[in-house]
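Me: I would like to go through a structure with you, one question at a time, and I would ask you to reason each answer out before you settle on a value or a name.

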Amino acid sequence: MARNEEKAQSMLNRFITMKAEEKKKPKERRPFLASECRDQSEADKWRQQIMREIGRKVAEIQNEGLGEHRLRDLNDEINKLIREKSHWERRIVELGGANYAKYSAKMTDLDGNIVDVPNPGGRGPGYRYFGAAKKLPGVKELFEKPPELRKRRTRYDIYKRIDASYYGYRDEEDGVLERLEGPAEEAMRREAAEEWRRLDEVRREARKGVKSGEVAEVSAVAREMLREEEEEVVEEEREREREKEENRERREFIVHVPLPDEKEIERRVLEKKKMELLSKYVSEGLMEEQTEAKNMLNIQR
């Protein structure tokens, strides 16, 4: 008895399911071309359907264990759906709806940075990679930034950075150099002053010894210093004489060729103009006859 009740219940279930399916509307298929849709609400519905399909496939492609071939197929399907979504978005704009493409997401690399990959792998403009597909061989290199080549600086770039600090004009502004060089400068000044006093004392003793005739008592250092002073004085005198000679030679201007005076210049200019007029209005034969006559009569002009 229980078996017959189960069969009836099963038949009843199938009958109820069949009646429910008959009441349902036939399942609509998305139009192949977006241009076939004439209703904006319908276009929005098909766009939402594509968005759900993209979401499911993007969630599936996050799994790195699917294998290279499956990941590539999923990535191709996602890109195909994205292209179809763009067709529907353009159709929505044509029907007077919102412009969804204006706020579409950008492509990012593995670190989440927005990148521009116009034509990676020769698959056409705008091809994108999602999830684990970004780590596939040959794809990961597309998201790596090329190393920046060090640009060689030009002479203009080098001189552009040169200012007063480069030549050391501002070294003493911070006071560090003054604190470091101050003690050393003072020590050098003291040494130079002591050396000058010692040499001055030696010179005085040498002059006193020479004036009083006590040449034998003058030390060798003093004699050497006196000789150096005499040589310096003689050298200075020679230098002054040399400068005077050079200035005298500059002032004197010697002409090695005879220069014509004003009358000679006027005569030559007049003769040149005469020759130009004769060559313009007189034939060559007449010029030759005139030249021969001048030569026979011994006329110089």
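Me: In this predicted model, does E264 count as buried, partly exposed or exposed?
Reply: The class depends on relative accessible area, where buried means under 20% and exposed means over 50%. The relative accessibility of E264 is 23%, so this residue counts as partly exposed.

Me: Which residue meets E264 in a salt bridge at 2.5 Å, N to O?
Reply: Side chains of opposite charge can pair when their charged atoms come close. The partner lies in helix 7 (residues 262-281) together with E264, 3 residues away, which is about one turn of the helix. With a relative accessible area of 40%, this partner is partly exposed, and the residue whose side chain meets that of E264 is R267.

Me: Which residues are linked with E264 and R267 in a network of salt bridges?
Reply: The pair of E264 and R267, with 2.5 Å from N to O, belongs to a network of salt bridges. Besides E264 and R267, the members of this network are R268 and E271.

Me: How many salt bridges does the structure hold, and which residue of helix 3 pairs with R47 of helix 2?
Reply: The structure holds 18 salt bridges. One of them has 3.3 Å from N to O and involves the side chain of R47, a residue that counts as buried because its relative accessibility is 8%. Its partner is buried as well, with a relative accessible area of 4%. Since R47 lies in helix 2 and the partner in helix 3, the pair ties together parts that are 42 residues apart in sequence, and the partner is E89.

Me: Are E77 and K57, which form a salt bridge, buried or partly exposed?
Reply: The closest N and O atoms of E77 and K57 are 2.8 Å apart, and the pair ties together parts 20 residues apart in sequence, because E77 lies in helix 3 and K57 in helix 2. The relative accessibility of E77 is 28%, which makes E77 partly exposed. At 22%, K57 also counts as partly exposed.

Me: Which residues touch the most other members of the largest nonpolar core, and which helix supplies the largest share of this core?
Reply: The core has 21 residues, among which I61, W88 and Y129 touch the most other members. Helix 2 (40-60) and helix 3 (68-94) each supply at least two residues of this core. The largest share, 6 residues, comes from helix 3.

Me: Leaving aside neighbours within four places in sequence, which residues does I61 contact?
Reply: A contact here requires heavy atoms within 4.5 Å. With the sequence neighbours within four places left aside, the residues in contact with I61 are L71, L74, N75, I78, F130, G131, A132 and A133.

Me: What is the accessible area of the nonpolar surface patch that includes I16?
Reply: I16 has its place in helix 1 (residues 2-23) and counts as partly exposed because its relative accessibility is 48%. The patch is formed by L12, F15, I16 and M18, and their accessible area together is about 370 Å².

Me: How many residues of helix 8 are buried?
Reply: Helix 8 (residues 284-297) reaches 20 Å from its first C-alpha to its last, close to the 20 Å expected at 1.5 Å a residue. Just after this helix, N298 takes a positive phi of about 60 degrees. Helix 8 is hardly covered, and among its 14 residues the count of buried ones is 1.

Methods. Residues are numbered from 1 along each chain as its sequence is written. This is a predicted model: local features need pLDDT of at least 70, side-chain atom pairs count only at pLDDT 80 or more; totals for chains, interfaces and linings use all residues. Side-chain values use heavy atoms; hydrogens and water are left out. Patches are made of residues with over 30% relative accessible area and no salt bridge: like charges are joined within 9 Å, nonpolar side chains (Val, Leu, Ile, Met, Phe, Trp, Tyr) within 5 Å. Accessible areas come from the Shrake-Rupley method with a 1.4 Å probe; for residues, only the protein chains shown count as cover. A salt bridge is a side-chain nitrogen of Lys or Arg within 4 Å of a carboxyl oxygen of Asp or Glu. Helices (H or I, at least four residues) and strands (E, at least two) are DSSP runs, numbered from the N terminus. Buried means under 20% relative accessible area, exposed over 50%, partly exposed in between (1.4 Å probe, protein chains only). A nonpolar core is a set of buried Ala, Val, Leu, Ile, Met, Phe, Trp, Tyr and Cys residues joined through side-chain atoms within 4.5 Å. The expected span of a helix is 1.5 Å times one less than its number of residues.
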